[in-house]
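Subject: Structure handover

Hi,

Here is the model I promised to pass on. Have a look at it first, and then read my notes below.

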Amino acid sequence: MSPVSRVFAGLALSLCSALAYAKDEVVVYSSRIDELIKPVFDAYTAHTGVPIRFITDKEAPLMQRIKAEGANTPADLLLTVDAGNLWQAEQMGILQPVESPLIDSRIPAQYRSSTHAWTGLSLRARTIAYSTDRVKPEALSTYEALAGEAWEGRLCLRTAKKVYNQSLTATLIETHGPAEAEKVVSGWVNNLSTDVFSDDLSVLQAIAAGQCDVGIVNSYYYGRLHRENPNLPVRLYWPNQEGRGVHVNLSGIGLTRHAPHPQAAKALMEWLTGPDAQAIFAEVNQEFPANPQVLPSAEVASWGTFKADPIAVEVAGQRQAEAIRLMDRAGWN
């Protein structure tokens, strides 16, 4: 081959590589902060050579953006937290079903959409946190019991505006019916020791500071705070172990309706449910793997095991509007 031919051959090879790069690139709209997802995406690129471009924002603007972009959206995947948000995205018509026996074999049905519009990737328990100085764990039992007189003036909660609490309330409605669920939520509000907080970290810090004795938080927030301060005078308690079990929600992902790279995006979804990605979620995020074959991190495992509520998490979306109205009636701001 002449030198000129070799140059043209090299240019042709470079052009083919560039076209393959553009063809295989996956674009993710994500409501998770960069530091929690970048390690997973970097690992996938290192493993496959497929680049991932991700844009982060709050879940509502991202979903509206996908809807507004329509067939011209660059987004292949929507990654967000809470089944309530994923269900809303499904109802908006911005996701499409993904038929994947691999995902179905890895992620239990309760953590996936019944229509295959999305799948869970990592789990978080919304559980009870308590002061080790002022509360004996044997005094605790269920979420519902926190509405009792024993906890008057001793409870801290995050705002009702956060989807995590809306989903917990939705499952209370599903389990007990609207009237009984409203009694529980009203009892919680009555037992508040202070105004609601904007985030779970503030709830945990308030318990440690003595502003309240118990609270309801997502488990990974405790993991982050405990990692910074191993002597934190707060522990987690797994409620409802004789009944429904601990309320579990998730972070999850769905394929957009007009994904430019659907096959490459599906491959990424499948990889994210596998052992390598699940282990990264567990270690970096202090979350529980959605794939039950993957163990949690040593830190998370040290919190002990629990029975999870078997209710399908998509109920959180189906009853979200009802839950918001109930919380408003109960005075949960």
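Val81 is buried, at 8% relative accessible area (buried is under 20%, exposed over 50%, partly exposed in between, with a 1.4 Å probe and protein chains only). Val81 sits in strand β3, residues 77-81. Its C-alpha is 8.4 Å from that of Asn249, although 168 residues separate the two along the chain.

Before I go on, a word on what you have: this is a predicted model, so local features need pLDDT of at least 70 and side-chain atom pairs count only at pLDDT 80 or more, while totals for chains, interfaces and linings use all residues. Residues are numbered from 1 along each chain as its sequence is written, and side-chain values use heavy atoms, with hydrogens and water left out. Helices (H or I, at least four residues) and strands (E, at least two) are DSSP runs, numbered from the N terminus.

Now the pockets and cavities. Both come from a 1 Å grid over the protein atoms alone: a cavity is a set of points where a 1.4 Å probe fits but cannot get out, and a pocket is an open set with protein on both sides within 12 Å along at least five of seven lines; a lining residue has an atom within 4 Å of a point. Points are joined across faces, edges and corners, and the volume is the space filled by probe spheres set on them.

The largest pocket has a volume of about 520 Å³. It is lined by 20 residues, and Ser31, Ile33, Leu36, Tyr221 and Arg224 are the closest to its centre. Two elements, α2 and α9, give two or more residues to this lining, and α9 has the largest share with five. By class, the lining of the largest pocket has seven nonpolar, two polar and 11 charged residues (Ala, Val, Leu, Ile, Met, Phe, Trp, Tyr, Cys and Pro count as nonpolar, Asp, Glu, Lys and Arg as charged, and the others, Gly among them, as polar).

The second largest pocket, at about 360 Å³, reads quite differently by class: 16 nonpolar, three polar and one charged. Of its 20 lining residues, Leu123, Phe288, Pro289, Pro296 and Phe306 lie nearest the centre. The elements that give two or more residues to this lining are β5 (119-131), β10 (288-289) and α12 (298-301), and β5 gives the most, with three.

As for closed spaces, the whole structure holds two cavities of 30 Å³ or more. The largest cavity has about 60 Å³, and its lining is made up of four nonpolar, four polar and two charged residues. Among them are Arg112, His116, Trp118 and Met269. The second largest cavity has about 30 Å³, with Gln110, Tyr111, His247, Val248, Asp309, Ile311 and Val313 around it.

Back to α9, since it turned up in the largest pocket. Seven of the 10 residues in this helix (219-228) are buried, so it is largely enclosed by the rest of the structure. The buried ones include Tyr220, Tyr221, Tyr222 and Leu225. Helix α8 (200-209) comes within 9 Å of α9, axis to axis, and the two cross at roughly 60 degrees (axes are lines fitted to C-alpha atoms, for helices over the stretch in contact, and angles run from 0 to 180 degrees between N-to-C directions). α8 and α9 are therefore oblique to each other (under 35 degrees is roughly parallel, over 145 roughly antiparallel, 65 to 115 roughly perpendicular and the rest oblique).

The other pair is α2 (34-48) and α10 (262-272), packed at about 115 degrees with axes 11 Å apart. That makes α2 roughly perpendicular to α10.

Two backbone oddities to finish. His116, in the loop between α5 and β5, has phi near 70 degrees, a positive value in a residue other than glycine. His116 is partly exposed, at 22% relative accessibility. Asn240 also has a positive phi, about 60 degrees, without being a glycine. Asn240 lies in the loop between β8 (234-237) and β9 (247-256), and at 6% relative accessibility it counts as buried.

Cheers
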